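Work through the exercises below with the sequence and the coordinates open. Each task is followed by a solution in steps.

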Amino acid sequence: MTEITLHHAHQTRSMRNLWLLHELGVPFDVVVHPFGKNLRSEEYLKLNPAGRVPALEIDGQTLFESGAITEYLCEQFPEAGLGRAIGDSERADWLVWVHFAETITQHCAALTQQHIALYEDHMRSPIVMKLEAARIGKCYAALEGRLENRDYLLESGFSAADISCGYSVYSGRHFAHIEPFPRLCDWYARISARKGFQKSLPPDGECLYAKEFYEVPA
């Protein structure tokens, strides 16, 4: 049996790998780390030299970078149907949307820094906040276009591409509203109702985001 341990911090990029593991239906362990300096410890840096989550230990190997972990897990467990193998007609689209998720998330990370990590008002930049929120909106528009006449990002149905982008939209909703994008709203409601998503949510009182939405200061 494959032994899997995911190093995870609530509401961070590792959430997309946690969600994927739940959807794969394979046994795994989770080590939950607080979002802080502990990730820079000498012990943890052996798992992820950038001092971030995720890190995945699997059968004596260690992987980091959530997109790489997604690809690897889908290759290891193809029977779940969440990846698209080399030669599949949807392989290229699957790769695009799995990794487009990081385009969204980089803007979410910038806004997380502005609203949460920079804890005093004089450290923050309303201009940066507005620019990054607008960029998330452009990413939403790209997803809205892709979802025309589709229930999921691929014609064949739900896949790890929806998981990857779904986490990014979950995070982005703290900074940019999805309501102007009706197809995106329907898709997000559909995927966030899945048991795998619900199981990947943080317990009450252990959230990185204390607010449902962070307004840009005037």
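Helices are DSSP runs of H or I with at least four residues, and they are numbered from the N terminus. The model used throughout is predicted.

**Exercise 1. Determine which elements line the largest pocket, and where the pocket lies relative to the domains.**

Step 1. Start with the volume: the largest pocket holds about 650 Å³ of space.

Step 2. List the lining. It consists of 22 residues, and those nearest the pocket centre are T12, R13, F35, R52 and T112.

Step 3. Assign the lining to elements. Helix 4 (91-117) and helix 6 (160-172) are the elements that give two or more residues. Helix 4 makes the largest contribution, seven residues.

Step 4. Sort the lining by residue class: ten are nonpolar, eight polar and four charged.

Step 5. Compare with the domain bounds. Domain 1 (4-80) and domain 2 (90-200) both supply lining residues, so the largest pocket lies between the two domains.

**Exercise 2. Decide whether strand 1 is buried or exposed, and describe how its side chains are arranged.**

Step 1. Apply the cut-off: a residue is buried when its relative accessible area is under 20%.

Step 2. Count along strand 1, residues 4-8. Five of the five residues are buried, so strand 1 is largely enclosed by the rest of the structure.

Step 3. Recall the general pattern. In a regular strand the side chains alternate between the two faces of the sheet.

Step 4. Check the directions in this strand. I4, L6 and H8 point one way, T5 and H7 point the other way, and all of them are buried.

**Exercise 3. Establish which strands pair with strand 1, and in which sense.**

Step 1. Take strand 2 (residues 29-32). Strand 1 pairs with it in the parallel sense, over four bridges.

Step 2. Locate the partners on that side. L6 stands opposite V30, and H8 has V32 as its bridge partner.

Step 3. Trace the connection. Strand 1, helix 1 (residues 14-24) and strand 2 form a β-α-β unit, which is right-handed.

Step 4. Take strand 3 (residues 55-58). Its pairing with strand 1 is antiparallel and also runs over four bridges.

Step 5. Locate the partners here. T5 is bridged to E57, while H7 stands opposite A55.

**Exercise 4. Follow the chain from helix 2 to helix 3 and pick out the backbone features.**

Step 1. Begin in the loop between helix 2 (42-45) and strand 3, where P54 is found. The peptide bond from V53 to P54 is cis, with omega near 5 degrees.

Step 2. Consider another proline of that loop, P49. A residue is exposed when its relative accessible area is over 50%; P49 has 55%, so P49 is exposed. The C-alpha atoms of P49 and F64 lie 8.8 Å apart, with a sequence separation of 15 residues.

Step 3. Continue into strand 3, which pairs with strand 4 (residues 61-64) in the antiparallel sense over four bridges. A55 has F64 as its bridge partner in strand 4.

Step 4. Examine the turn. The hairpin of strand 3 and strand 4 has two residues between the strands. D59, placed in the loop between these strands, is not a glycine, yet its phi is positive at about 50 degrees.

Step 5. Move past strand 4. E65 is found in the loop between strand 4 and helix 3 (66-76). The phi of E65 is near 80 degrees, again a positive value in a residue other than glycine.

**Exercise 5. Classify A142 by accessibility and relate its position to that of A80.**

Step 1. Place the residue: A142 is found in helix 5 (residues 126-146).

Step 2. Apply the limits. Partly exposed covers the range between the buried cut-off of 20% and the exposed cut-off of 50%. A142 has a relative accessibility of 30%, so A142 counts as partly exposed.

Step 3. Give the separation from A80. The two residues are 62 positions apart in sequence, and their C-alpha atoms are 27 Å apart in space.

Key. Residues numbered from 1 in each chain as written. Predicted model: local features only at pLDDT ≥ 70, side-chain atom pairs only at ≥ 80, totals over all residues. Heavy atoms only, no water. Buried < 20%, exposed > 50% of the residue type's maximum accessible area, 1.4 Å probe, protein only. Pairing = 2+ DSSP bridges. Right-handed = clockwise from strand over helix to strand, strands pointing away. 1 Å grid on protein atoms, 1.4 Å probe; cavity = no way out; pocket = protein on both sides within 12 Å on 5 of 7 lines; lining within 4 Å. Points joined across faces, edges and corners; volume = space filled by probe spheres on them. Nonpolar A, V, L, I, M, F, W, Y, C, P; charged D, E, K, R; others polar. Domains from an automatic or database assignment.
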